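Q: Please take a close look at a single part of this model and tell me how it is built. I would like to know what lines it, what lies around it and which charged side chains are paired there or elsewhere in the chain.

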Amino acid sequence: AETMNSVAVGYVSDDVNVTVGYQKETNAVKNTAVANSSANPTHTGIGVGANYQYGDKAEFGGRNAVYAYYLDSKFDAGFTRLGLGTNSEFKFTNAVGSTSTLYAAREDKVLSVSTNYYVTPRTNLIVGYYHDNASNVLDPTKQAAAVTAAGGTSGSRNGLLAVADYYFSKNTATYVM
């Protein structure tokens, strides 16, 4: 069996929202298939997010805003998650209901900033950026070919998003991404 504990606290006002959250999942037993597994492998995440809204409400209630969040997610070697595990940090499997196990301790530090701006009451422009610095994504012993192809076990990735939204009504919109 697995246990999960989490807590979050936040502040909300008309213009500012800030939330801090913490979550810890713990496996009930050591994963004997992973040499460096701790007695009870865990996944721990802590995150903080904030946004600031400004300007008048647009025609259908949205406002201009700036968003930012930071997440630090740590997995112990041997942590096992139930369910479909096709992410690169887990062994590859496609069977629903199967388990996914980390071969090495992994940590992701993710930072994201974005903004949206209503250029007209119905036209919203959105721009976002994220950076993920990941360590121990792949295990050199178990995933040697993938490590060779990737050029190492750790790394970072960046993403950029740009969207133009046009709202026909409260329930209907079109966008270009």
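A: What follows begins with the chain as a whole, turns to its largest pocket, and then moves outward through contacts and salt bridges.

The model is a predicted one, and its chain has one helix and 10 strands. Read along the sequence, these elements follow the pattern β-β-β-β-β-β-β-β-α-β-β. Of the 177 residues, 31% count as buried, and the chain exposes about 10700 Å², of which carbon and sulfur atoms supply 58%. Among the contacts with a separation of 6 or more, 51% are made by residues 24 or more positions apart.

The part to examine is the largest pocket, which has a volume of about 170 Å³. Its lining is made up of 13 residues, and those closest to the centre of the pocket are A134, V137, S154, G155 and S156. Two strands, β8 (123–135) and β9 (155–167), are the elements that give two or more residues to this lining, and β9 supplies the largest share, three residues. Sorted by class, the lining holds four nonpolar, six polar and three charged residues.

A useful way to look around this pocket is through D132, which has its place in strand β8. At 5% relative accessibility, D132 counts as buried, because that value is under the 20% limit. Leaving aside residues up to four places away in sequence, D132 touches G155 and S156, along with R106, D108, K109, V110 and R157. Both G155 and S156 are also among the residues closest to the centre of the pocket, so D132 is in contact with two of the residues named there.

Two of the other contacts of D132, R106 and D108, form a charged pair of their own. Their side chains meet in a salt bridge with an N to O distance of 2.6 Å. D108 is buried at 9% relative accessibility, and R106 is also buried, with a relative accessible area of 6%. Because each of these values is under 20%, the two partners of this bridge both fall in the buried class.

A105 lies in the loop between β6 (99–101) and β7. With a relative accessibility of 35%, A105 counts as partly exposed, because this value is neither under 20% nor over 50%. Not counting residues up to four places away in sequence, A105 touches S135 and N136, and its other contacts are F75, D76 and A77. A105 and K74 are 31 residues apart in sequence, yet their C-alpha atoms are 7.4 Å apart in space.

K74 in turn takes part in another charged pair, since its side chain meets that of E107 in a salt bridge at 4.0 Å, N to O. E107 lies in strand β7 and K74 in strand β4, so this pair ties together parts that are 33 residues apart in sequence. At 42% relative accessibility, K74 counts as partly exposed, whereas R106 and D108 in the bridge described before are buried.

The count of salt bridges in the chain comes to five, and one of them joins E59 and R122, whose side chains meet at 2.9 Å, N to O. This pair links distant parts of the chain, 63 residues apart: E59 sits in the loop between β3 (42–54) and β4 (64–75), and R122 in the loop between β7 (106–120) and β8. Both partners count as partly exposed, E59 at 43% relative accessibility and R122 at 23%.

For contrast, consider A8, which has its place in strand β1 (residues 2–12). At 57% relative accessibility, A8 counts as exposed, because that value is over 50%. A8 still touches T19, V20 and G21, not counting residues up to four places away in sequence. The C-alpha atoms of A8 and Q23 are separated by 8.6 Å, with their positions 15 residues apart along the chain counted as their separation.

To return to the pocket, its lining draws two or more residues from each of β8 and β9, and buried D132 in strand β8 touches G155, S156 and R157 as well as the paired residues R106 and D108.

Notes
Residues numbered from 1 in each chain as written. Predicted model: local features only at pLDDT ≥ 70, side-chain atom pairs only at ≥ 80, totals over all residues. Heavy atoms only, no water. 1 Å grid on protein atoms, 1.4 Å probe; cavity = no way out; pocket = protein on both sides within 12 Å on 5 of 7 lines; lining within 4 Å. Points joined across faces, edges and corners; volume = space filled by probe spheres on them. Helix = DSSP H or I, 4+ residues; strand = E, 2+ residues; numbered from the N terminus. Nonpolar A, V, L, I, M, F, W, Y, C, P; charged D, E, K, R; others polar. Buried < 20%, exposed > 50% of the residue type's maximum accessible area, 1.4 Å probe, protein only. Contact = heavy atoms within 4.5 Å. Areas by Shrake-Rupley, 256 points an atom, 1.4 Å probe, with all protein chains shown as cover.
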